[in-house]
Amino acid sequence: MTSLLLGPMHRYAGDRHVSVWVETDEPCTVEIRSGLGPRVAAPTFAVAGHHYALVVVDGLEPGTAYPYEVWLTAAGVPSPDQAVCVWPEEGSPPSLLRPVGGDRPVRLVFGSCRVTAPQEKPYTLSPGEDPRGLGTDALHALALRMAETPPDTWPDALLLLGDQVYADHVSPATAARVRAHRDVTVPPGEEIADFTEYAWLYQEAWSQREIRWLLSTVPTAMIADDHDVRDDWNISAAWRAEIRSQSWWDTRITSGIMAYWLYQHLGNLDPRTLADDPVFTAVTALASGGEDGENLLRTFARRVDRMPDLGALASDQDHDTSTAVGDHAGAGHDTGDLAGERPPTPPRWSYRWDLGRTRLIVIDSRFARVVAPDGTRAMVHDADWSWIRDQTRHTGEVDHLLLGTSVPYLLTPTIHNVEAVSERLASGRFGRVAAAGAERLRQALDLEHWAAFSHSFIRMTQLLGQVSTGEHGPAPASVVVLSGDVHHAYLARAEPARDPVAASRAPADPAAGTHLTASRAGTTATATGSAISAAGGESAVWQAVCSPFRNPLGPGIRRIDALSRRRPLAAVSSRVARLLGMRGQPVRWKVTHGPWFDSQLATLVLDGRHATMLLEKTEPDGEPGGLDEVMRATLS
C-alpha cells in the first residue's frame, strides 16, 4: 500500500493559499482534503527513485484554520475512490492549514542548528552529564506545548535559519544505516556521502512524532547553512580548492544541493514563483512522461557548486543582473553552459515571504557567496544583492522589515575585528606565511560571518541605513536582522557611526547609481554612505540571534565568547585592525541582551507597529518538554 515516508509539511502560507510538501514510497497522486476548504491534488515527481509532491491549496480565508487530511491514490489506480487516508496519524492532534495575512498579529518563531538524536536520555542530557548529551530539543518542547494549548496561541510561522541537518555529524541510527550501506573505513567515513543517505538524514530529522506534527501545522520556511552540506562550506577559495581535490566530494556536494532543493527550497516558494521556476517545471515535466529527474537535477547541482568560483558574478560591470533575476524568488535559472562566453546566470535561493504587514526577506549566504581564486569575496553576489535590495522597497504596506541570514551580521566588536583582520591577512598582502596562518585560523575558528566579507558588510549596513531612514519607503516601525549559527542567543542594537565624515567618503551602493563591487580580499573596508539611524521617527535596527535548537557549545568556546566581550580586548583588537590599515567601523552597535546558551528558541510578536522579542530556553532536566522565558524585549 502506498504510504508517506515524510511529511506532510506545511510550507509556504499566504493570505489565501498554502503549500503542503510530502515524500511517498512510490508514485501516486497526493490529495489534500479539508472539510472546510477545497480539495486539491497533485501527482508525485521522481528524483533518484524517490517520490515527492508539493500541493498548493488555494481559495482559503486569512485567519481561518483548516483541519486537513492527506490521501494517496497509487499510480495506475483508475478510481480516486480507492484513495487511502495516510494522515493524520492515529492519536495525533489535527493538522491545520493556516493562511497568514491581513492585519492580524504575527508570531514568528526562529532559530537554527538542530542535531538529530533520540528524545530521551542520555541524548537529552547536557554534554557535561554525558558525552553523548545534546540537551533537550527546543522544537520538540514547542511541539509538546502546542499540543496542550489552543491554536490561537501557536506560532503563525517558523523560520529555520540553517543547519536543519548535519551531514557531517549524523545520529547513531543514521550512522548504523551508513555502515550497512558502504565501507566507512574510507572517506567520507560516517559522514553523508550520496543522495540516498541525504534522504535518510532528512527523514530521520523530521519524522519524530512530535516534530512531524509540528511541521504539519506551522507554516515553515528554511535557508541553508554550512552543516547542511559540511562544516565551513564555501568559507574561502582555499577551502574550496582543498575539498574539491577529494575524490568523494563531487558526489557529496551534488547530492547535498539536490537534497536541499527538494527538501528545503521548494517549500519556500510562493505558488506563482513555483509555477515559473524552470527547474521545477523541467523536473515535473519529466515525471509526466514517467521519467526520473535525477540527471537533470544533478547537472543543475554541479552548476550551482561552480558559482562561488566565478568572481565575475560579483561585478555588475561583468554580469547583467537584469537577465539573472525575475520578479520573484527562484526565477531566472539559466540552463546555459558554464564554459560559455558569459558568466552563467546564478539561481536565486533567497526569497521573500509577506506575513500580513510584516515583510521577511531571507538571504542566502551560502550558495550566493563568491570566494573566487582571483581573490574576489562576497557574502552575496551582485545579482542576488540587487534583488534583495529591491525587495526592501515599499509604499507603506510594511510595518516591520525582517532580514533573515543564517550567519550574524553583527557580532561582538572583538570577534568582528578578528574576522575582518583575518580576511585582510589571508589576502596575501602581508606575505604568504601570514596568509597561510590566517587561513588556518579562519577555518579553525569559523571566521566566516559578515565581518569577514568586508564590502558585503558595508553593503548590508548601507541598506539598513537606507531602509531605516525612509529612503526605500516609509520607515518601518522596526528593522530586524534574524540570524543563527553561533550556538548562543543575543540581541544587539545598531546605532549611527561615530564619524559621519568618514561615512561620507564611502563607496555608494548601486541603488545610488555608483557600483560597489565585492571586495578583492584585503581591500580596505570603509564606512558606508548611509549611517544606521537611531533618531526619533525612524526605524530602530536590531540584530536578533537565536541558536541552537539543539547543539550546545562546549565550555572552551564559551570561555572564548566571554573573553571577547571584555572592553580591553575590544580596544586591542580595534587597534590591531587600524595598524593593519583598516578604517573605523561604518556602524556602532551594542549587545543589549544576552548571551544565552544551550537549547532555545526565539519568537517575534508583531502587532500593528509594535514588535516584541521573546527568548525561551528548554528546562535543563534532561526530560523532553518545558520552555522557560528568559528575555522579553520591546523592539519598536
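# Exercises on a predicted model

Cys 113 sits in the loop between S10 and H1. The structure is a predicted model. Work through each exercise, then check the solution.

## Exercise 1: Unusual backbone spots

Task: Find what is unusual about the backbone at Cys 113, at the bond from Lys 121 to Pro 122, and at the bond from Pro 187 to Pro 188.

Solution.

Step 1. Recall the usual case. Most residues other than glycine have a negative phi, and most peptide bonds are trans.

Step 2. Check Cys 113. Its phi is positive, about 65°, although the residue is not a glycine.

Step 3. Check the two bonds. The peptide bond from Lys 121 to Pro 122 is cis, with omega near 5°. The bond from Pro 187 to Pro 188 is also cis, with omega near 5°.

Step 4. Place them. Pro 122 belongs to the loop between strand S10 (106–111) and helix H1 (138–146). Cys 113 lies in the loop between S10 and H1 too. Pro 188 is found in the loop between helix H2 (172–181) and H3.

## Exercise 2: Two helix pairs

Task: Describe how H8 packs with H9 and how H3 packs with H4.

Solution.

Step 1. Know what to look for. Two packed helices are described by the angle between their axes and the distance between the axes.

Step 2. Take H8 (residues 278–288) and H9 (residues 294–306). Their axes come within 9 Å and cross at roughly 160°. Therefore H8 is roughly antiparallel to H9, because an angle over 145 degrees counts as roughly antiparallel.

Step 3. List the residues that touch. From H8 come Val 279, Ala 282, Val 283 and Leu 286; from H9 come Leu 296, Leu 297 and Phe 300. Sort them by class: 7 are nonpolar, with no polar and no charged residues.

Step 4. Take H3 (residues 195–207) and H4 (residues 209–217). Here the axes come within 6 Å and cross at roughly 90°. So H3 is roughly perpendicular to H4, because 65 to 115 degrees counts as roughly perpendicular.

Step 5. List the contacts again. Ala 205, Trp 206 and Ser 207 in H3 meet Arg 209, Ile 211, Arg 212 and Leu 215 in H4. This contact has 4 nonpolar, 1 polar and 2 charged residues.

## Exercise 3: The sheet of 4 strands

Task: Give the strand order, the edges and the pairing of the open sheet of 4 strands.

Solution.

Step 1. Read the order. It is S1-S2-S6-S5, and the pairing is antiparallel.

Step 2. Find the edges. Strand S1 (4–13) and strand S5 (45–47) each pair on one side only. On average, neighbouring strands of this sheet are turned by 25° against each other, direction ignored.

Step 3. Look at one pair. S2 (residues 18–24) and S6 (residues 50–57) join in the antiparallel sense over 7 bridges. Val 18 stands opposite Val 57 in S6.

Step 4. Add a helix. H3 lies across S1, S2, S5 and S6, and runs at about 70° to S1.

## Exercise 4: The sheet of 7 strands

Task: Which strands stand at the edges of the sheet of 7 strands?

Solution.

Step 1. Write the order: S13-S14-S17-S18-S21-S19-S22. The sheet is open and its pairing is mixed.

Step 2. Go to the ends. Strand S13 (351–355) and strand S22 (588–596) each have a single partner strand, so one side of each has no neighbour in the sheet. The twist averages 20° from one strand to the next.

Step 3. Look at one pair. S17 (residues 400–405) and S18 (residues 478–483) pair in the parallel sense over 5 bridges. Leu 402 has Val 480 in S18 as its bridge partner.

## Exercise 5: Pocket and cavity

Task: Describe the lining of the second largest pocket and of the second largest cavity.

Solution.

Step 1. Start with the pocket. Its volume is about 850 Å³. It is lined by 34 residues; the closest to its centre are Leu 445, Asp 446, Val 486, Leu 553 and Ile 557.

Step 2. Ask which helices contribute. H11 (413–426) and H15 (555–564) each supply at least two lining residues. H15 gives the most to the pocket lining, with 5 residues.

Step 3. Sort the pocket lining: 15 nonpolar, 9 polar and 10 charged.

Step 4. Turn to the cavities. The whole structure has 6 of 30 Å³ or more. The second largest cavity holds about 80 Å³ of space.

Step 5. Check the cavity lining. Among its residues are Arg 114, Asp 163, Trp 206 and Phe 549. By class, the lining has 6 nonpolar, 2 polar and 2 charged residues.

Methods: Residues numbered from 1 in each chain as written. Predicted model: local features only at pLDDT ≥ 70, side-chain atom pairs only at ≥ 80, totals over all residues. Heavy atoms only, no water. Axes fitted to C-alpha atoms, helices over the stretch in contact; angles between N-to-C directions. Parallel < 35°, antiparallel > 145°, perpendicular 65-115°, else oblique. Contact = heavy atoms within 4.5 Å. Nonpolar A, V, L, I, M, F, W, Y, C, P; charged D, E, K, R; others polar. 1 Å grid on protein atoms, 1.4 Å probe; cavity = no way out; pocket = protein on both sides within 12 Å on 5 of 7 lines; lining within 4 Å. Points joined across faces, edges and corners; volume = space filled by probe spheres on them. Pairing = 2+ DSSP bridges.
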